[in-house]
Amino acid sequence: MNISSRLALKMLVRGLRNKFEERPISVSFEITHYCTANCWHCNWGGPVKGEQRLQAEDYAAICEELRPVVSHLSGGEPLARTDVYEIARAMANPGNLPWMILVSNAAALTADKYWRLREAGINQFSISLDFPDDRHSEFRRIPGLFEKMNRVIPEITGLGNNDLSLNACITAWNYRDLPGMVELAKRWNTQINFSVYSTLRINDENGMPRDEQLEEVRETFQKVIDMKKAGYPVYSSERVMWKYFQFFTDRGIPGCQAGRRFLVINPDGMLTPCAMVWAKYKTQREMLHEFTANNTCEQCFISTRANTEKKLGDLFADNWEMMVKQVFSRPKKRAVLPAEPAATPGELAGVVEGREGELDPEGRPLTHLALHPDAATREVRQPMTDREAEAGP
Ligand SMILES: C[S@@+](CC[C@H](N)C(=O)[O-])C[C@H]1O[C@@H](n2cnc3c(N)ncnc32)[C@H](O)[C@@H]1O
Ligand code: SF4
C-alpha cells in the first residue's frame, strides 16, 4: 500500500461524506462466482452454470454511481476471469478513489500477473490464508497451493511495494494456528488481517468454536495481540480482535449495517447487502428501504463489517500508524528483483511434521485435517496451470 497524504485525506473526507449520505464505505464486486478452489468454509467452489456477467465498463458505471471509499474485486475467484485486467482498468481512478483491493486465493497468481494488475489499477492484494502450512492446501482443496504461495508471495513482497497482505478467516478448525500464521506473515514480509467465520455460507456449526474451546480461543487471541504489540505485522486491532471473540461467545453481534456501510455487487450487477444474504436489489435505495431498515441479522462479523462499522475515533486510532507508514513509503518501479529464497519442500514438510503426535480435542491428528463431513461429495482440484486459469470456467 502506498497511500499519499492527499489520498489519505480524500479517504477520510469521502468516508465522512458517504456516512452522512448513506453511501457505502466498501463495495465488493463479486465479478464471478466460479471458483478455482473449493474451501471447507465456503459455498463457492467449481463452476457456476449459466452465470450472467457484466462487462468491465458496466462494473465501472456501478462503481462511479456508488462512489465507495474502497472497492474489492472478489468472487468466487476474480483471477478466474480473463478480463480481470480490463475490469480493474475500467474501475480505476489513478491517484484517486476508490482504493481497489483484489481478494484472491492466489492459485493463479504470478509475479507477472501481479504487475499487470497493479498497472491496471489494483492498489492492494489481499490473499486468503487458513493455515501456516500445507493444511491450507487441504482446506482449500487445491493440492500444492501452500507451496505455490510460499514461492510467489515472498517473490512479490520482496519487490518492496508493500501492497500485498494476507487475510485469515478464524474458524474452530484453525484458531490454534493464528500465532503460526502471524509468524508466517512476518516470514513472508507482509501483514495479516483477521476475520471470523460465519455459518451463513454453508450452515456448518463445526466451524464455530464450541463453548469448551472458548477459553483456549481467548488465550490464543491474547497471544496474537501480544505479538502485535511486540511488532509482529498484525493489521487487526486489539479492539477488533476482542469484538471477534465477543462474536464467538455471543454467537452474534447486533447492529449490522449491510446495505448502508458495505454491500456486494453480483456478477450480473444486482446488489446484495452482504456476501451471505441472498436478497437481490436493483438499487441501493431499494435495498436500504427494504432490507437494511428491517435487518436484524447478527450472524456474521467478517472483517468488512468490523472495519466499516467502526466509530470514527476507533477508525483513526486503528489506522494512524499504518497511514503514517504508508505516506512515507515510496512505490517501486517495475523491476525484476531477486526473489526471497522460498522454503524448500523439506522445510515445508518440517512445518507439518513438527505437529506429528499432536491431537485436536476430538483426538484427531493435527498433521492432517480430519475429513470434513461433506469431503466425499466435494471435489479435490489439481493446481491449475496459468493457461487453465486464464481460460476461466
Ligand atoms: C469468498 S472469498 C472470495 C475471494 C477469493 N476466492 C478468496 O478466497 O480470497 C473472500 C473471503 O471470504 C472468506 N470466507 C469464505 N467462507 C467464509 C465463511 N463461511 N465465513 C467467513 N468468511 C468466509 C474467505 O476465507 C476469503 O478470505
Ligand atoms: S473462500 Fe474463496 S477460494 Fe475458497 S471456495 Fe470460497 S470463493 Fe473460492
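**Entry 1, secondary structure.** I went through the chain and found 14 helices and 8 strands. I keep in mind that this is a predicted model.

**Entry 2, burial and contacts.** I checked burial next. Of the chain's 393 residues, 42% count as buried. Then I looked at contacts with a separation of 6 or more. Residues 24 or more positions apart make up 77% of them.

**Entry 3, the core.** I looked up the largest nonpolar core, which holds 87 residues. Which of its members touch the most others? They are Ile170, Ile192 and Tyr244. Helix H6, residues 145-157, gives this core its largest share, 6 residues. I then followed Tyr244. Leaving aside residues up to four places away in sequence, Tyr244 touches Ile170, Phe194, Val196 and Phe301. Ile170 thus appears with Tyr244 again, as one of its contacts.

**Entry 4, ligand 1.** I counted 17 residues around ligand 1. The closest are Cys42, Ser128, Cys169, Ser198 and Arg201. I asked which elements give two or more residues to this shell. They are strand E2 (70-75), strand E3 (99-104) and strand E5 (164-170). By residue type, the shell splits into 9 polar, 6 nonpolar and 2 charged.

**Entry 5, ligand 2.** I listed the surroundings of ligand 2. Three cysteines are there, Cys35, Cys39 and Cys42. Ala37, Asn38, Trp44 and Gly45 also belong to the shell. So do Gly75, Gly76 and Glu77, along with Asn105 and Arg140. I sorted this shell into 5 nonpolar, 5 polar and 2 charged residues.

**Entry 6, cross-check.** I compared the two ligand lists. Cys42 is among the closest residues to ligand 1, and Cys42 also sits in the shell around ligand 2.

Key
Residues are numbered from 1 along each chain as its sequence is written. Chains are lettered from A and ligands numbered from 1 in the order in which they are written. This is a predicted model: local features need pLDDT of at least 70, side-chain atom pairs count only at pLDDT 80 or more; totals for chains, interfaces and linings use all residues. A nonpolar core is a set of buried Ala, Val, Leu, Ile, Met, Phe, Trp, Tyr and Cys residues joined through C-beta atoms within 7 Å. A residue is buried if 20 or more other C-beta atoms lie within 10 Å of its own, exposed if 12 or fewer, and partly exposed in between; C-beta atoms are placed from the backbone. Helices (H or I, at least four residues) and strands (E, at least two) are DSSP runs, numbered from the N terminus. Two residues are in contact if their C-beta atoms, placed from the backbone, lie within 7 Å. A residue is near a molecule or strand if its C-beta atom, placed from the backbone, lies within 6 Å of it. Ala, Val, Leu, Ile, Met, Phe, Trp, Tyr, Cys and Pro count as nonpolar, Asp, Glu, Lys and Arg as charged, and the others, Gly among them, as polar.
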